[in-house]
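Colleague: Before we use this model, I should like to go through its secondary-structure packing with you. Could you place it in front of us?

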Amino acid sequence: MRLFIATPISLEVEKELARIISELKNIGGPVNWVAPANIHLTLKFLGEINERLIPQIKYILNEVSSKHSSISSGLNGLGAFPDYRRPRVFWVGLERGAEELSKIANEIDHSAHILGFEKENRPFKAHLTLGRVKFPQGLEKLCESVKEFKVEPKQLIFDRIVLFKSTLTPRGSIYEILHESRLV
């Protein structure tokens, strides 16, 4: 099973991200845009795992969520990883709550490492992925638009940690919730 841990977004935020993606798509460029219904804030990608580990992963999520409160945030501008000169990912940032989300992600990463998962080698950066670049040519106009883009400051509440199963299909990924832990 291919699994990841994330915190989902509200329907209102999903609609705003759909608007943003639609406008950026119209500019053009070699980007695979994420289906708005699939946008979430990834806390840890686990990859292909043995089903027998699921009860231990659920336990980890319950433990971590019991130590943290819901996080209030908002959408705050667009950006590119690693930068605009050679973008690989376009994303929308958060106006607050990144430090708390980082603590949650680091606790999950540490506990997952004890189970045998590889530790993250990059610091956690709270963001919502909008699109992944297919190849780096022909992105100049899109990058300029992303830099200038005005995002509606929609309210975000991160109130749960979810274990998702991801099934890859020719039409895109299909996500299924396997477990949900509410933040206190």
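The exchange below treats the two sheets, the helices and one buried side chain.

Modeller: This is a predicted model, so local features need pLDDT of at least 70 and side-chain atom pairs count only at pLDDT 80 or more, while totals for chains, interfaces and linings use all residues. Residues are numbered from 1 along each chain as its sequence is written, and side-chain values use heavy atoms, with hydrogens and water left out.

Colleague: Which strands stand at the edges of the open sheet of five strands?

Modeller: Helices (H or I, at least four residues) and strands (E, at least two) are DSSP runs numbered from the N terminus, and two strands pair if DSSP finds at least two bridges between them. The sheet has the order β2-β6-β5-β4-β7, with antiparallel pairing. Two of its strands have a single partner each, so one side of each is left without a neighbour in the sheet; these are β2 and β7 (155-158).

Colleague: What is the bridge partner of Gly74 in β7?

Modeller: β4 and β7 run antiparallel and are joined by four bridges. Within this pair, Ile71 stands opposite Phe158. The partner of Gly74 is Gln155.

Colleague: What is the bridge partner of Leu78 in β5?

Modeller: β4 is also joined to β5, in the antiparallel sense, by five bridges. In β5, Leu78 has as its bridge partner Val92.

Colleague: Which residues of helix α4 are buried?

Modeller: Buried means under 20% relative accessible area, exposed over 50%, and partly exposed in between (1.4 Å probe, protein chains only). In α4, residues 140-148, the buried residues are Leu142, Cys143 and Val146. They lie on the same side of α4 because they cover an arc of only 100 degrees around the axis, the arc being that of the directions from the helix axis to the C-beta atoms. The face turned away from this buried side carries the exposed Glu140, Lys141 and Glu148, whereas the buried set is Leu142, Cys143 and Val146.

Colleague: At what angle does α4 run to β5?

Modeller: Contact means heavy atoms within 4.5 Å; axes are lines fitted to C-alpha atoms, for helices over the stretch in contact, and angles run from 0 to 180 degrees between N-to-C directions. The cover of the buried residues of α4 includes α1 (11-27), β2 (31-33), β4 (71-81) and β5 (89-94). α4 lies across β2, β4 and β5, and its angle to β5 is about 0 degrees.

Colleague: In the open sheet of four strands, what is the average twist from one strand to the next?

Modeller: The strand order is β3-β1-β8-β9, with antiparallel pairing. β3 (40-48) and β9 (172-182) each have a single partner strand, so they stand at the edges. From one strand to the next, the twist averages 25 degrees.

Colleague: Which residue in β8 stands opposite Leu3?

Modeller: β1 (residues 2-8) and β8 (residues 160-169) pair in the antiparallel sense over four bridges. Opposite Leu3 stands Lys165.

Colleague: What is the relative accessible area of Asp109?

Modeller: Asp109 lies in helix α3, residues 98-114. Leaving aside residues up to four places away in sequence, Asp109 touches Lys44, Glu118, Lys119 and Glu120. Asp109 is buried, because its relative accessible area is 6%.
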